Each structure stands twice: as C-alpha cells, then as structure tokens.
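Reader: Please give me a close look at a single part, the topic of cavities and their linings, and then carry on from there to whatever connects with it. I would like the cut-offs stated as you go.

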Amino acid sequence: METTFTKNPSLLAWLDEKIDFLKPAKVVWIDGSQEQIDALKAEAVETGEMIKLNDELLPDCYLHRTAENDVARVEARTLICTTKEEDAGPTNHWMAPDECHKMLDEISAGSYEGRTMYIIPYSMGPVGSPLSKIGIEITDSIYVVLNMNIMTRVGKAVLDCLGDSDEWVRGMHCKCDVDPEKRWIVQFPEENSIVSVNSAYGGNVLLGKKCFALRIASYLGKNEGWQAEHMLILGLTKPGEETKYICAAFPSACGKTNLAMLIPPEGYLRKGYKVECVGDDISWIRKGPDGRLYAINPENGFFGVAPGTNEKSNPNALAATKKGTIFTNVCHNLDNNTVWWEGLDKNPPTNAIDWKGNPWNGAEAAPEDKGAHPNSRFTAPAVNCPCLSPEFENPNGVPISAFVFGGRRAKLTPLVYQSKSWNHGVFVGSVMGSETTAAATGAVGVVRRDPMAMLPFCGYNMGDYWKHWIEIGETLDEDKAPKIFNVNWFRKDDEGNFLWPGFGDNLRVLDWIIDRCEGKVDAQETAIGYLPFAKDINLEGLDMTEEDLDKILDVDKAAWEEELKGVDELYAKFGDRLPKELADELAAVKAALNN
C-alpha cells in the first residue's frame with residue numbers, strides 16, 4: 001500500500017492483506033483533522049446514519065440508532081482465542097484460534113465491497129506517554145470513526161509516534177449484515193489482534209474500549225509487568241492538602257460513573273474539598289520511578305449509559321454531553337430537535353421518535369414502552385466534564401493511594417472496610433459480587449460474582465490474573481503500596497430502605513479511606529478486615545447518628561460463613577490455577593470467623 005501517512009512495514013503489509021481480503025471500494029486514512037471529521041459528520045447526516053441536533057441547544061451533537069437486535073455487548077459471543085483453552089480460563093468463552101479465524105474469514109471475506117474502508121490510527125492514553133499503547137482499527141462504519149475520534153486520540157500524530165514499531169494492536173471491524181447469529185467479538189491475545197463482525201453497537205465495535213483497553217491490555221500487562229483494570233480514577237483534595245488519587249472497581253449498576261464525578265456535600269464544599277475525575281471506567285497502572293503505582297485513563301471520552309443520568313444523579317456527566325456528543329438509541333424530541341431519556345426529567349416529550357424510530361408520545365406511553373433503550377448511550381469528550389482533573393493528560397499518570405472494590409449487597413457487607421494486607425486485598429477483590437436487581441433477568445437477590453469487576457473483561461485465565469495482582473504486590477514496598485478497601489453503598493433495613501444516602505455523601509467514606517492511607521485514624525480489627533469507628537466518619541449535615549452508622553458497620557459471622565461457601569464454589573473452578581496465596585487468605589478469614 002502506497003501512503004504518505006506511514007512507512008511502517010508491518011502496518012502496510014497488514015493493510016495490503018486486509019484490502020485484498022475485504023475488497024473495499026475506497027480506502028480513507030483518518031488523519032485526525034477537524035476538516036475531515038466535519039466532512040464525515042456531514043456525510044453521515046446526508047445518508048441518514050446520524051441526525052444533527054439543535055445547534056443552539058446541543059452544538060455539534062448527533063443522534064444515531066442501531067439495529068434493534070444490536071443494542072448491547074454480547075458476552076456469550078465474545079471469545080478469547082488462545083492456543084491452549086486453559087489459558088483463557090473457566091470464566092471466558094474460548095475457541096481454538098485456527099478454527100475461529102476460519103469462521104471469521106468465511107463471515108467477513110469481501111464484506112467491504114461497495115463500502116469505504118476507514119483506517120483509524122489511535123492511541124490509548126496521551127500520545128507518546130510511556131504508559132500508552134497504539135492500535136489501528138479498520139472499519140466500514142462512519143459511526144465507528146466518529147465515536148473513536150471522541151473516545152481515543154486519533155490521527156497522524158499517532159502514526160508518527162508509532163514509527164516503524166511492530167507493537168500495535170490490530171483491529172478489524174466489519175458491519176457485514178448486522179446478523180446476530182453471526183455476531184462475534186473476538187480477542188486473540190497471543191496475536192495482539194481483535195476482530196468484530198456483524199455488530200454496529202459501540203461496546204462491540206469501538207475496539208479501543210473493552211476489547212483493547214481491558215481484554216488485550218490485561219494480557220499485555222501480565223507479560224509486561226503492569227495492570228489494565230476496570231476502574232475509575234478520582235482525585236480527592238482536602239483543604240490545604242495535596243490531591244490523593246483513588247482507583248475504584250464496581251460491577252455495573254453500582255454507581256461507578258457517579259462516584260468518578262462526585263460532587264461533595266454542601267458542608268464539604270464550603271470547607272474547600274474538591275473531587276476531580278481522571279477517568280470513569282478504565283485504568284492502566286504501572287510502577288513509577290519512585291516505587292509507587294501510577295495510573296492513566298487510556299480513554300479520551302465517556303461512553304456512558306444515558307437513562308438515569310440527570311441533574312441530581314450526575315450533573316457533571318450531563319454537562320459533558322452538552323456539546324460534541326453522539327447519542328445512541330435515545331429518544332428524539334421533535335419539538336426542539338433535542339434528545340430525552342427515562343430519568344432525565346419528569347417531562348417526557350409528547351411529539352417524539354423513540355429509539356426504534358417510531359412515533360412516541362411520552363404522556364400516553366405505557367411504562368414498558370420506553371422512549372430510550374435502557375442501554376442507550378452518550379459518547380462525550382472528556383474535556384467537556386466540569387470536574388475533569390488537570391492531571392488528565394499527564395503522560396506519567398497520577399500516584400494511587402488506594403484501591404477500592406465495591407458491590408451491591410443488601411445485608412452482608414459493611415459500608416466500608418480495609419483489607420489487612422495486599423494479598424488480603426486481592427482476596428477481597430477476587431470474591432466481590434453484586435446481588436441481582438429487578439432490572440436483571442431471573443431471580444432477585446442472587447449473588448453474581450464479578451472479581452475486580454473484570455469478569456467479562458479479563459483477557460486470560462482469571463486465576464493467573466489474580467496471581468499477577470499478587471506478584472505486583474511483591475514488587476512494592478509496604479509504605480508505597482496502595483491500601484485496599486471494600487465499600488457497599490447499598491445496605492438496606494428489613495423494610496427494604498437504603499441505610500446510607502449515597503451519591504455525594506459517599507465522599508464521607510472516601511475521606512475516611514484517605515485518612516487511613518495517611519495513618520490519621522485508627523480502625524477496629526474484625527474477621528473480614530479493619531472497620532471504621534463510627535466517630536471517625538463525618539456525619540455533619542446528615543440525618544443520621546453514630547448508632548445508625550454502627551448498623552452498617554457490623555460483621556454478621558453466620559452470614560459471612562454462608563458467604564464463604566460461595567467463595568469455595570468460585571475458587572473450585574480454577575483448580576491448580578488458583579494462587580495458593582488466595583487459598584491461604586480464604587482459610588485465614590474462615591479461621592478468624594470461628595474465633
């Protein structure tokens with residue numbers, strides 16, 4: 001392939017092969033220029049692929065609808081293809097690489113005929129950062145190009161940074177016929193490559209996101225001595241003190257984005273507390289020259305769930321969507337050419353088009369007849385976020401003081417506790433889970449294990465992933481290793497009422513976590529870890545007493561003994577790939593509960 005963009009031999013050879021195989025009518029390099037992006041937006045509007053929204057109310061914003069059969073990630077059709085099945089592990093779907101390549105080739109051969117191939121050079125993380133990685137995605141979708149332009153750093157500067165290196169992730173996306181029976185999202189960790197066919201939904205086709213930034217990157221991290229984690233990064237600044245950074249992992253529906261963009265309670269704001277968002281979803285973590293762990297957000301935008309995002313739940317996320325945003329599968333308000341979704345406000349539009357493209361009247365619609373799909377999305381530039389950290393573009397990342405794991409548990413888990421050691425913290429992360437809510441299919445209140453919130457995103461055997469965590473800990477001096485905590489905002493009383501206010505008031509818990517990292521407060525040792533004394537969590541301005549707080553800082557030994565039976569079941573799946581250190585931690589907790 002002749003090009004003025006790059007002379008990289010491995011890249012040009014790969015592109016020649018793909019052009020010959022896919023047979024595009026036209027090939028376009030994405031150079032990252034505003035002129036090219038604007039032209040692609042205009043083309044997408046002209047073809048009906050996107051709708052331009054009200055330029056006064058939502059400047060440079062667009063609406064897109066996917067096929068009705070293509071609205072979410074497809075875990076059952078997401079494969080990790082390693083030479084040996086046991087290297088993918090019991091929590092991933094596996095297929096032999098040769099067999100999978102043959103299947104994908106049959107589906108995708110010639111699938112670009114009559115279409116344009118777009119070549120997207122992109123950087124995960126600031127261009128040129130020692131913590132960043134480069135990918136190339138080819139796609140036949142303008143929608144993918146425009147979303148990748150928001151979610152990653154795209155263009156010629158990335159190719160300049162890559163030079164002649166062969167260290168880049170190969171990504172091929174083919175819309176094909178958007179056939180759900182032939183839809184596959186496949187990672188080949190040993191080949192540094194990703195293939196996505198028959199989908200046009202963001203989570204399956206923006207290959208920089210879960211595919212590269214977690215599944216491929218977690219495998220690269222294992223081999224190169226760093227970590228790719230499904231974690232937000234926030235900075236907490238106390239009055240007159242330096243900013244401390246926290247990485248936190250939560251399964252879905254546990255308020256991860258809300259925490260990443262938290263607004264402190266009024267009393268805290270008055271005192272001068274500040275919370276800033278470095279990232280809302282993914283952290284790449286590497287040891288710095290000073291022996292501490294540093295994290296970057298490899299993304300450049302937010303791919304957020306729209307329903308439930310509003311002025312109260314997350315004003316910062318809502319503000320981020322006000323310009324330069326692509327909305328997917330939300331409701332189109334025809335009266336003012338803007339968008340709406342359930343939970344935005346209490347005024348659904350009456351003259352609208354729903355996410356399926358049908359006329360919709362919010363005043364008359366049945367409760368099950370949604371204007372926006374429950375998994376409808378916004379792709380918003382991070383730079384729009386009012387609380388974006390000034391360290392967002394720091395190529396060296398930010399130093400991490402604490403790792404926080406959390407889940408949704410109505411009775412069992414206290415509001416917050418600290419692990420007794422690094423390995424105990426890895427144990428705490430490995431057993432985390434959430435109870436199913438009414439929104440999920442099947443029984444309510446069943447615990448779904450989601451270790452480190454990485455269950456669908458770990459690119460290799462999760463037993464080896466836990467071992468990698470343990471090995472990282474072995475490289476850290478105790479005084480430089482982040483402390484590890486667990487939180488649960490979702491404790492309920494017997495009537496089903498939440499016992500903790502959540503949202504901005506979660507800062508009160510983060511405040512205690514940082515105090516513990518700095519050795520400013522004591523804690524009480526229990527069988528499961530160190531718990532706060534109620535007096536050390538600031539309740540000022542809350543309709544809550546220390547006695548109320550004590551109710552969500554208790555450890556019910558019988559309930560925990562029952563819980564550990566589920567942990568035995570989880571660990572049994574891993575056989576000899578379960579690290580001995582975790583088996584030892586489990587035994588230690590069981591022994592402590594019996595004392």
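**Cavity, pocket and core**

Author: The largest cavity holds about 120 Å³ of space, a volume being the space filled by probe spheres set on grid points that are joined across faces, edges and corners. The model is a predicted one, in which local features need pLDDT of at least 70 and side-chain atom pairs count only at pLDDT 80 or more, while totals for chains, interfaces and linings use all residues. Residues are numbered from 1 along each chain as its sequence is written, and side-chain values use heavy atoms, with hydrogens and water left out.

A cavity is a set of points, on a 1 Å grid over the protein atoms alone, where a 1.4 Å probe fits but cannot get out; a pocket is an open set with protein on both sides within 12 Å along at least five of seven lines, and lining residues have an atom within 4 Å of a point. By this rule there are 3 cavities of 30 Å³ or more. The largest cavity is lined by 15 residues, of which Arg409, Thr413, Met432, Gly433 and Asn486 are the closest to its centre. Two elements give two or more residues to this lining, strand E29 (483-487) and helix H16 (557-572), where helices (H or I, at least four residues) and strands (E, at least two) are DSSP runs numbered from the N terminus. By class, the lining of the largest cavity comprises 7 nonpolar, 6 polar and 2 charged residues, with Ala, Val, Leu, Ile, Met, Phe, Trp, Tyr, Cys and Pro counted as nonpolar, Asp, Glu, Lys and Arg as charged, and the others, Gly among them, as polar.

Strand E29 leads on to the second largest pocket, since E29 and helix H12 (422-430) each supply at least two residues of that pocket's lining. The volume of the second largest pocket is about 300 Å³, and among its 14 lining residues Lys420, Ser421, Trp422, Glu478 and Lys483 are the closest to its centre. This lining divides into 6 nonpolar, 5 polar and 3 charged residues.

The largest nonpolar core has 158 residues, and Trp500 and Ile513 touch the most other members; such a core is a set of buried Ala, Val, Leu, Ile, Met, Phe, Trp, Tyr and Cys residues joined through side-chain atoms within 4.5 Å. Leaving aside residues up to four places away in sequence, Ile513 touches Ile246, Ala402, Val404, Val416, Phe485 and Val487, contact meaning heavy atoms within 4.5 Å. Apart from the largest core lies another, of 30 residues, including Leu22, Cys81, Cys100 and Met103. In soluble globular proteins, nonpolar side chains tend to be buried together.

Cysteines also invite a look at bonding: a search of the whole structure finds 0 disulfides, a disulfide being a pair of cysteine sulfur atoms within 2.5 Å. For Cys387, the nearest cysteine sulfur is that of Cys385, 3.6 Å away, and Cys387 counts as buried at 8% relative accessibility, the limits being under 20% relative accessible area for buried, over 50% for exposed and in between for partly exposed (1.4 Å probe, protein chains only). Cys517 is too far for a bond because its sulfur is 12 Å from the closest cysteine sulfur, in Cys247; Cys517 is partly exposed at 21%.

Backbone angles add one further detail. Ala453, in the loop between strand E28 (447-449) and helix H13 (462-474), has a positive phi near 60° although it is a residue other than glycine, and its relative accessible area of 0% makes it buried.
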